[in-house]
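Thanks for making the time. I have one structure today, and I will go through some of its helices and a few single residues. Please have the viewer open.

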Amino acid sequence: MEISLGLVVVGVIGLFVGVVIMSVVNRNKSLSMLSDAKKEAEKIIETANEKGESIKNNKILQAKEKFLELKSEHEKIIFSREDKIKIIEREITSKESKVDSIIKKHEQLNLDLEKRSTELELKFSSLEKKRKEVEKVRKDQIKQLEVISGLSKKEAKDSLIESLKKEAENDALIYAKEKMEEAELTVKENAKKVILNTIQRIGAEEAIDNTVSVFNIESDDIKGRIIGREGRNIRAIESATGVEIIVDDTPEAIILSCFDSIRREVARISLHKLVKDGRIHPARIEEVVKKTKKEIDQEIIEVGKRTVIDLGINGLHPELIKYVGRMKYRSSYGQNLLQHSKEVAKLCAIMASEMGIDPKMAKRAGLLHDIGKVPSVEKDIETPHAILGMQWAEKYGEKPDVCNAIGAHHDEIEMNS
């Protein structure tokens with residue numbers, strides 16, 4: 001029992017000693033680790049201090065550079081402003097100098113004006129004095145002239161005015177005559193220009209209206225039938241009518257070209273009949289054209305008869321009636337010749353009645369005045385239409401006064417009635 005207790009005590013003591021020894025060992029280790037950590041911390045602090053110092057130095061250096069840069073820019077701005085201020089100061093100084101110079105010039109001008117004003121006043125005073133002297137001399141001379149001439153001032157003045165009036169009237173008459181002659185020349189020249197401009201503007205249109213007719217067709221297929229095999233139909237139509245037929249790309253139309261409007265009308269009516277009938281060949285064409293010519297001739301006679309009946313004109317030769325009927329197919333200056341002649345006939349009758357002249361004779365002359373424009377077998381290109389119409393009227397037994405009126409309406413011959 002005592003041995004066991006001793007062993008326990010020894011074991012306890014050994015355990016205690018072991019614990020103490022372990023504690024000492026651990027303490028030593030802790031102290032060693034603490035020492036190492038302290039060294040590491042001091043090293044880190046030293047490194048941090050070095051980096052901080054480096055960063056501080058860099059920042060200070062950057063701050064100094066930025067400061068120098070801002071200082072340089074600021075100095076540039078200041079120098080620029082100073083330069084501008086200097087330029088403005090120079091300009092102000094220059095303007096002040098110019099203003100001073102202008103003021104001096106104005107002062108000098110004022111002095112010159114004052115001097116001239118004084119001189120003019122002196123001259124005006126001198127002139128006024130001379131004027132009074134001249135007026136006095138003039139009055140003395142007038143008195144002397146009145147004594148010498150035996151005329152008073154008023155009588156001499158009236159005589160002078162009368163003389164000046166006559167001279168002015170003569171000068172005015174001469175001037176008016178010169179201006180009238182100049183105006184006549186100008187009017188003639190202007191009239192020529194107006195006529196030429198008018199011809200240029202409407203000449204082509206009038207020529208087309210007077211030389212061309214359009215024949216409308218329902219379809220372009222009919223063009224081929226009108227032309228015929230190898231063009232024999234169209235040649236037959238042109239030969240029979242004396243009209244040129246133009247078949248081109250114009251849709252649904254054929255152009256009839258001829259200076260004689262009656263021939264164009266014959267061709268137009270003949271084509272209408274042929275297209276309507278459907279039989280188009282040379283023999284049929286000749287037959288239709290002959291028949292159409294007879295119809296047109298008969299229509300011309302009927303138109304002439306209706307016209308003279310409507311106007312109340314009697315005893316007109318049949319050939320002249322034909323000429324009147326042919327006017328339906330003639331235009332002059334853009335107006336139908338028959339309508340124009342009827343209007344002239346009516347106007348002539350009205351004017352003759354107002355003037356106490358035979359209205360029937362005047363109406364007859366008015367109707368026939370342009371028959372020389374009617375195309376006929378008696379073509380005479382050289383003779384003016386007024387003279388040609390007079391010749392026809394004489395040939396068919398019209399009275400001399402009517403013949404003279406026809407021939408003289410454009411002053412080709414002298415009027416005698």
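G315 is exposed, because its relative accessibility is 71%, and exposed here means over 50%. This is a predicted model, so keep that in mind for every value that follows. G315 sits in the loop between α6 and α7. Its C-alpha atom is 9.4 Å from that of E398, and the two residues are 83 apart along the chain.

Next is the helix on the far side of that loop, α7, residues 318–326. Which residues of α7 are buried? They are L320, I321, Y323, V324, G325 and R326. As for what covers them, the list includes α5, α6, α8, α9 and α10. In numbers, α5 is 261–277, α6 is 282–311, α8 is 337–355, α9 is 359–368 and α10 is 385–395.

From that list, take α5. It has 17 residues, and at 1.5 Å a residue it should span 24 Å; the C-alpha atoms at its ends are 24 Å apart, so the two values agree. Its buried residues are S261, I262, R264, E265, V266, A267, I269, S270, L271 and L274. As a reminder, an α-helix has 3.6 residues a turn, so residues three or four places apart point the same way. After α5 comes G278, with a positive phi near 90 degrees.

Now a helix pair. Two packed helices are described by the angle between their axes and the distance between the axes. For α4, residues 232–241, against α6, the angle is about 25 degrees and the axes are 9 Å apart. That makes the two helices roughly parallel, because the angle falls under 35 degrees. The crossing of α4 with α6 is right-handed. On the α4 side the contact is made by R232, N233, A236, I237, A240 and T241, and on the α6 side by P282, I285, V289 and K293.

Then one residue in α8, namely S341. Is S341 buried or exposed? It counts as buried, because its relative accessibility is 0%. Setting aside neighbours within four places in sequence, S341 is in contact with M327, G366, L367, H369 and D370.

Last, the cysteines. How many disulfides are there? The count is zero, where a disulfide would need a pair of cysteine sulfur atoms within 2.5 Å. As for accessibility, C348 has a relative accessible area of 22%, so it is partly exposed. C403, at 3%, counts as buried, since the cut-off for buried is under 20%.

That is the end of my part.

Notes: Residues are numbered from 1 along each chain as its sequence is written. This is a predicted model: local features need pLDDT of at least 70, side-chain atom pairs count only at pLDDT 80 or more; totals for chains, interfaces and linings use all residues. Side-chain values use heavy atoms; hydrogens and water are left out. Buried means under 20% relative accessible area, exposed over 50%, partly exposed in between (1.4 Å probe, protein chains only). Helices (H or I, at least four residues) and strands (E, at least two) are DSSP runs, numbered from the N terminus. Contact means heavy atoms within 4.5 Å. The expected span of a helix is 1.5 Å times one less than its number of residues. Axes are lines fitted to C-alpha atoms, for helices over the stretch in contact, and angles run from 0 to 180 degrees between N-to-C directions. Angles under 35 degrees count as roughly parallel, over 145 as roughly antiparallel, 65 to 115 as roughly perpendicular and the rest as oblique. A crossing is left-handed if the near helix is turned anticlockwise from the far one by less than a right angle, and right-handed if clockwise.
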